[in-house]
Amino acid sequence: MRKPVIAGNWKLYKTTPEALELVTSLKPLVENNQGVEIVVAPVFTVLASIKQPLAGSPINLAAQNCHWEEEGAFTGEVSPKMLIDAGCSHVIIGHSERRQYFGETDATVNRKMKAALNAGLTVLFCIGETLAERDAEQTLEVLKTQICGGLEGLSNEQLAKVVIAYEPVWAIGTGKTATNDQAQDAHSFIRGVVGGLYGPAAADAMRILYGGSVKPDNIKGLMAQPDIDGALVGGASLKADSFAAIVNYQN
Ligand code: PGA
């Protein structure tokens with residue numbers, strides 16, 4: 001059985017007081033949910049301040065990015081070791097906004113994944129096609145390239161701490177969710193690619209999240225698909241009631 005993961009990607013939102021207010025409202029709404037791996041990913045500056053308030057709750061802490069070196073002369077970067085120090089158990093790597101605006105490639109994503117996994121973090125590894133790629137019927141090819149590039153050189157043991165997040169770029173922040181069938185088709189393809197690389201047991205165990213305009217009113221339909229194991233949520237994770245409604249989709 002794959003344990004579902006519902007992760008909130010706060011992007012470039014929430015100062016420390018705002019983040020504290022959000023987690024204070026969120027905790028009682030999700031504290032009895034043992035069936036879902038719950039994750040929130042605030043900005044770096046907020047991480048250490050919400051470590052303590054989250055202690056003893058089922059909410060795990062993630063960063064939205066990391067560097068591949070442990071330490072050194074790399075001005076402005078934050079390493080996996082430092083994320084663990086700040087209270088993180090998870091990290092998002094390869095989000096499309098980082099690929100689009102900050103020049104991340106499959107090769108840099110791969111270096112970051114290896115560093116994060118070696119440090120003991122669970123990685124939420126993001127992939128997804130743009131609208132132009134979907135229109136040109138290149139979706140499957142793009143996904144395969146991103147998966148092979150991102151996972152290159154990872155062992156089966158390392159793969160066990162990877163969660164894939166399929167986020168079609170055209171569905172992020174647009175209110176335009178992929179249909180349940182479009183998402184299921186992509187997820188089933190992704191599971192097949194993982195199986196080709198790591199074998200059927202690894203593919204069966206891999207959690208694959210959907211991301212892109214996930215809301216309380218579409219989560220149930222998405223989660224009913226056999227290959228959808230959770231969600232990476234942007235906009236709807238910024239309010240306690242909407243994120244809790246997504247986390248508690250089984251209620
Ligand atoms: P969205 O963002 O839910 O606001 O579409 C998802 C994401 O970018 O992870």
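**Exercise 1. The cover of helix H12**

Task: In this predicted model, find which elements cover the buried residues of H12, and decide whether the helix is largely enclosed or not.

Solution:
- Step 1. List the cover. Strand S1 (5-9), helix H1 (16-30), strand S2 (37-41), helix H11 (219-223) and strand S8 (230-233) are among the elements over the buried residues of H12.
- Step 2. Name the residues that are covered. Ala 240, Ser 242, Phe 243, Ala 244, Ile 246 and Val 247 are buried in H12.
- Step 3. Conclude. Helix H12 spans residues 240-247, and because six of these eight residues are buried, the rest of the structure largely encloses the helix.

**Exercise 2. The ligand site**

Task: State which residues come nearest to the ligand, and in which pocket the ligand sits.

Solution:
- Step 1. Pick out the nearest residues. The ligand has 13 residues around it, and Lys 11, His 95, Glu 167, Gly 173 and Ser 213 come nearest.
- Step 2. Look at the polar atoms. Glu 167 places a polar side-chain atom 2.7 Å from a ligand oxygen. Backbone N or O atoms also take part: one of Gly 173 is 2.6 Å from an oxygen atom of the ligand, and one of Gly 235 is 2.9 Å from an oxygen atom of the ligand.
- Step 3. Check the cover. The ligand taken alone exposes 280 Å², of which the protein buries 97%.
- Step 4. Place the ligand. Its site is the second largest pocket.

**Exercise 3. Two residues with positive phi**

Task: Locate Glu 137 and Ser 213, and say for each whether it is buried or exposed.

Solution:
- Step 1. Recall the usual sign. Most residues other than glycine have a negative phi.
- Step 2. Take Glu 137. Its phi is positive, about 55°. Glu 137 belongs to the loop between helix H6 (131-135) and helix H7 (139-151). With a relative accessible area of 74%, Glu 137 is exposed.
- Step 3. Take Ser 213. Its phi is also positive, near 60°. Ser 213 is in the loop between strand S7 (207-211) and H11. Buried means under 20% relative accessible area, so Ser 213, at 10%, counts as buried.

**Exercise 4. Asn 65 and its surroundings**

Task: Determine where Asn 65 lies and which side chain it joins in a polar contact of 2.9 Å.

Solution:
- Step 1. Find the loop. Asn 65 lies between strand S3 (59-63) and helix H3 (80-85).
- Step 2. Read the accessibility. Asn 65 has a relative accessible area of 9% and is buried.
- Step 3. List the contacts. Apart from neighbours within four places in sequence, Asn 65 touches Phe 44, Leu 83, Val 91, Ile 92, Arg 98, Glu 104 and Lys 112.
- Step 4. Name the polar partner. The side chain of Asn 65 is joined to that of Lys 112 by the 2.9 Å polar contact.

Technical notes. Residues are numbered from 1 along each chain as its sequence is written. This is a predicted model: local features need pLDDT of at least 70, side-chain atom pairs count only at pLDDT 80 or more; totals for chains, interfaces and linings use all residues. Side-chain values use heavy atoms; hydrogens and water are left out. Buried means under 20% relative accessible area, exposed over 50%, partly exposed in between (1.4 Å probe, protein chains only). Helices (H or I, at least four residues) and strands (E, at least two) are DSSP runs, numbered from the N terminus. Contact means heavy atoms within 4.5 Å. A residue is near a molecule or strand if one of its heavy atoms lies within 4 Å of it. A polar contact is a pair of N or O atoms within 3.5 Å; within protein, one must be able to donate a hydrogen and the other to accept it, and residues adjacent in sequence count only if both atoms are side-chain atoms. Accessible areas come from the Shrake-Rupley method with a 1.4 Å probe; for residues, only the protein chains shown count as cover. On a 1 Å grid over the protein atoms alone, a cavity is a set of points where a 1.4 Å probe fits but cannot get out, and a pocket is an open set with protein on both sides within 12 Å along at least five of seven lines; lining residues have an atom within 4 Å of a point. A molecule sits in a cavity or pocket if more than half of its atoms lie within 2 Å of its grid points.
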